[in-house]
Each structure stands twice: as C-alpha cells, then as structure tokens.
Amino acid sequence: MRYLLVFDSTHAALAAQDVLAHLSPRLIPTPREIQADCGMALRFRAADEAEAISLAQSVEEARGQAHLYADGSTLLANI
Amino acid sequence: MNINAFGKPCPMPLVMAKKEIDAGCKDLTIAVDNDTAVKNLTRLGSKTGLAVSVNKIEGGWQVNLSEGGSNTERSVETLAYLGVDVSVSGSGYAVFIGKDHVGEGDPALGYNLMKMALYTLSESDVVPVSLLFMNSGVKLAASDEAQVVESIEALIDKGTEVLVCGTCLDFYHIKDALKVGDISNMYDILERMQEASKVISL
C-alpha cells in the first residue's frame, strides 16, 4: 500500500528520505490538495497503516513535523 | 539492406540505422520489437528526407527507409493504424537540462529539486517533445537512483524524445552507464531547441 509522508520542513523531508532509503521512496512535490508548509513529500510502500506509522515515527527529525496520508488526501496520523 | 534489431534495446536500432544511412544506404529495412524504435526511426526518416513505411510483423514492426522524400503526416496515420502509440507528445516544447540540480545554492537541495522536477514533468498531461541533457545533466540519464530513471522512462513512454549528449557522457566516463535516452550530439540537441516553440531550461 502506498503512503505519503508530508513534512513541515524541508530538512525533515530530506532526513526522512535518507532514513527510509531502504524502501526506495519517491520524493515528490506535496500535492496541491494537501496543505503543508513544506513542498516536499515522501511516497513509500508499507504493508498497512500501522507499519506506515511506525516507519514514519522511526525518523527522529520527522517527530512533530510530519503528517501521514493514505494515497490520496486522507490524513491518517500526525507524526 | 536488411537489419534485424529484435532484442536490441534503445538506442541500438536507431544507431544501427543511422550508421547505414550515413554510409549512403538509400533503401534500408530494419526490424524492431518496440514502438519507441518505430517512432525514432520514423523521425530519423523525416529528418534525412527518406520515405518511411511501417509494416506490422510477428513480434514487432518492420520499418523501411528509402529514397523518396519525407511524408511525415502519412507516417503518423500509418503508425496509428499499425498499433503504434502516436498520442500527441506535447505542445511542441523542449526541456533542456544542463546540470544535475535545479538552481544554485545548497547542492543537496538542488539535486532533490531536480528529482522532483523530473517527477512532476513525467506526471504532466502535456509532456515535452524533447528532453535534452548536457554537461552534468547527463549524469541523470546514467543515474543509479530508480526515481530519476523512472521519471525519464515515463516521459519516453508518453512520447518524449530523450537526447543525451555523447561528448558529455564520455567526459564524465559514464557512457557505458547510460540507463535511458538516446546518445546524441550538439547538432541534434541544438536542432531540437530550434524546432521547439519554446525551450525550458531547468
């Protein structure tokens, strides 16, 4: 399943890209339907929502600065 | 002269055909197994003033280039009839990429911006007719990063012609590492820019 991690800062986005590199994520512009302070978002695959949240939380720099969306613009969790 | 280019990945069929045409061949038939090659060969034909005819054969297409003038419009119909995807490939604009980053400033930011720009371009409805790489831009076409190669491949699937400067690839010693696009030269790259209704430089 595809998930989108949207960030409030570019630095969080780039840090997440490194931490989650083993997932071969895609760095894409934050979709216009989603309001965010940062124009970078990370699209990655995970087995389910729980795993996606766990992966997102594993990025220290993302804590308090990231929001997890399902493919589309449904907000699942704030990291 | 007959050439069998089945199994040969891009840009081989074009290279093989160009070689024969440059050597003076006026009647060349080349068999290819992918429609990107058909499109490229058709373009080559109209550029070199050769008549192009395409026939569907088992496993692919047979493209004949022979003396008789260009007939681009008929070629497009022929291609569509034969099942080659001829969806409009853009409003006639070219994108020139002369470096592997967007803007000047922080290198990491610049490189990531380029990744995102290529992605965004590949997702658009109206893709460029030509995507041209020179200097450090050619590194993108030889990239080990899946996202970069994927975006360029998506553009090719949508009809963009991707030209990568051979001289620059050679300079950076990455000619063998080319993952996507056709090896090209200053003449062709400049020509694409002149032909486009606008040129975007990233």
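1. In which strand of chain B is Glu161(B) found? Glu161(B) belongs to strand 7 of chain B, which covers residues 161-165, where strands are DSSP runs of E of at least two residues and helices are runs of H or I of at least four, both numbered from the N terminus. The model discussed here is predicted, and for that reason local features need pLDDT of at least 70 and side-chain atom pairs count only at pLDDT 80 or more, whereas totals for chains, interfaces and linings use all residues. Residues are numbered from 1 along each chain as its sequence is written, chains are lettered from A and ligands numbered from 1 in the order in which they are written, and side-chain values use heavy atoms, with hydrogens and water left out.

2. On the surroundings of Glu161(B): this residue has a relative accessible area of 6% and is therefore buried (buried means under 20% relative accessible area, exposed over 50%, and partly exposed in between, with a 1.4 Å probe and protein chains only). Its contacts (heavy atoms within 4.5 Å), leaving aside neighbours within four places in sequence, are with Asn40(B), Arg43(B), Val129(B), Ser130(B), Leu131(B) and Arg192(B). With the side chain of Arg192(B), the side chain of Glu161(B) makes a polar contact at 2.6 Å; such a contact is a pair of N or O atoms within 3.5 Å, where within protein one must be able to donate a hydrogen and the other to accept it, and residues adjacent in sequence count only if both atoms are side-chain atoms. Lys39(B) lies 122 residues from Glu161(B) in sequence, yet their C-alpha atoms are 9.3 Å apart in space.

3. On internal space: the count comes to two cavities of 30 Å³ or more, a cavity being a set of points, on a 1 Å grid over the protein atoms alone, where a 1.4 Å probe fits but cannot get out, with lining residues having an atom within 4 Å of a point. The largest cavity holds about 90 Å³ of space, and of the 12 residues that line it, the closest to its centre are Thr36(B), Asn40(B), Ile156(B), Thr160(B) and Glu161(B). Helix 2 of chain B (35-47) and strand 7 of chain B each supply at least two lining residues, and the largest share, four residues, comes from helix 2.

4. On aromatic pairs: over all chains the structure holds two, counted where the ring centres of Phe, Tyr or Trp (its six-membered ring) lie within 6.5 Å, with planes under 30 degrees apart called stacked, over 60 edge-to-face and the rest tilted. Tyr3(A) and Phe44(A) form a tilted pair, 6.2 Å centre to centre with 35° between the planes. Because Tyr3(A) lies in strand 1 of chain A (residues 2-7) and Phe44(A) in strand 3 of chain A (residues 40-45), this pair ties together parts that are 41 residues apart in sequence. Tyr3(A) is buried at 3% relative accessible area, and Phe44(A) is buried at 2%. Phe171(B) and Tyr172(B) form an edge-to-face pair, 5.1 Å centre to centre with 85° between the planes; here Phe171(B) is exposed at 61%, while Tyr172(B) is partly exposed at 26%.

5. On Ser151(B): this residue sits in helix 6 of chain B (residues 146-157) and is buried, with 3% relative accessibility. A polar atom of its side chain lies 3.0 Å from the backbone oxygen of Gln147(B).

Notes
On a 1 Å grid over the protein atoms alone, a cavity is a set of points where a 1.4 Å probe fits but cannot get out, and a pocket is an open set with protein on both sides within 12 Å along at least five of seven lines; lining residues have an atom within 4 Å of a point. Grid points are joined across faces, edges and corners, and a volume is the space filled by probe spheres set on the points.
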